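Reader: I am new to this structure and should be grateful for a close look at one part of it, namely the place where the two chains meet. Please describe that part in a connected account.

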Amino acid sequence: MANNKILAPQLKDLLSGVSNHGNQHLLEVEVDLLQTTALLGEAIDKLVTSFVSIHKAVNIQQEALDLLLSGKHPSEEEIKRLKNIHLEIGRHVNAVITNMQFQDMTTQLIDRTVKRVVGLREVLASLGNTGAKMLPESGGEEIILFLNEINSALTAQSSELEGAVRKVVSQNKMDSGDIELF
Amino acid sequence: MSKTILAVDDSSSLRQMVAFSLKAAGYQVIEAVDGRDGLDKAKNQTVDLVLTDQNMPRMDGLALIKALREIQSYQRVPILMLTTESSDEMKAQGRAAGANGWLVKPFDPQRLIEVVKKVIG
């Protein structure tokens, strides 16, 4: 009877522990995946814009080349436009370089998500392994000890997992980052 | 003679972007795939500037900086961190390790060139 009074709270602790830790880690997974989606979306949008702009600029340069090859001379306005095109292409190339870095950032986010998912899987496997040690004939006291062991292991593993997946990418936008000289 | 920059990052695409940007500005660039590779290459040839990521396998950026600062010829070579990390705590660790500056990714090529010119000319 006394054992039942201890058994039920231990079981309750285990169930809420599994639920809370699972929820916490899966919420982080969701946040990281949403962040990855946002970065990818913005990077691709900006890359497409830059690609179209570079394509237009290159076409204008080709028109000028065709004009020269046909023996005609470009007007002052056309010359000025060509000089500006070079700078414009440079700006778009810089934008491409900035936005191509999405690959580095999203890889780090995905790595973190994978580590967390693998860690969660290991925690659940550990629960199962500990549970498997329980014999069908285990008495109330033994079950209490097992539950105690499982609860402690669950808390420890969950904390260890949290420590192993430190957040290193906080960016939600592909704007270039700060520079600080010490 | 053009100045040489050691670019250390475990991301191949990031190294390509850095090399492309800096070479366009006239610098020579040596690439390293992580801190350990960076340290080996730095020992083989003294460079004018080290630009390193933080989170890398085998040896991270902070460990690389500390190791470089223990080498006589690298005690005064400027070292800049180029990383996704932006917390004050990490910057303080970088500064304490011997970094001379902190650049947060993604970098803009024009701004990168400006800061490199400011540091090594």
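Author: In this predicted model, three bridges join strand β1 of chain A, residues 179–181, to β5(B). The two strands run antiparallel. One of the pairings can be named residue by residue: L181(A) has G101(B) in β5(B) as its bridge partner.

The strand pairing belongs to a wider meeting of the chains, in which 26 residues of chain B are in contact with 22 residues of chain A. On the side of chain B that touches chain A, at least two residues each are supplied by α1 (12–24), α4 (88–97), β5 (101–104) and α5 (109–120) of chain B. The largest share of that side comes from α1(B), with five residues. By class, the residues on this side of chain B comprise eleven nonpolar, nine polar and six charged.

Chain A also has a helix pair that merits description. Helix α3 of chain A (residues 102–132) and helix α4 of chain A (residues 140–164) have axes that come within 10 Å and cross at roughly 170°. Because angles over 145 degrees count as roughly antiparallel, α3(A) is roughly antiparallel to α4(A). From α3(A), the residues that take part in the contact are K115(A), R116(A), G119(A), V123(A), S126(A), L127(A) and T130(A). They meet residues of α4(A), including F146(A), E149(A), I150(A), A153(A) and L154(A). Further along the list for α4(A) are Q157(A), S158(A), L161(A) and A164(A). Taken by class, the contact of α3(A) with α4(A) has eight nonpolar, five polar and three charged residues.

How values were computed
Residues are numbered from 1 along each chain as its sequence is written. Chains are lettered from A and ligands numbered from 1 in the order in which they are written. This is a predicted model: local features need pLDDT of at least 70, side-chain atom pairs count only at pLDDT 80 or more; totals for chains, interfaces and linings use all residues. Two residues are in contact if their C-beta atoms, placed from the backbone, lie within 7 Å. Helices (H or I, at least four residues) and strands (E, at least two) are DSSP runs, numbered from the N terminus. Ala, Val, Leu, Ile, Met, Phe, Trp, Tyr, Cys and Pro count as nonpolar, Asp, Glu, Lys and Arg as charged, and the others, Gly among them, as polar. Two strands pair if DSSP finds at least two bridges between them. Axes are lines fitted to C-alpha atoms, for helices over the stretch in contact, and angles run from 0 to 180 degrees between N-to-C directions. Angles under 35 degrees count as roughly parallel, over 145 as roughly antiparallel, 65 to 115 as roughly perpendicular and the rest as oblique.
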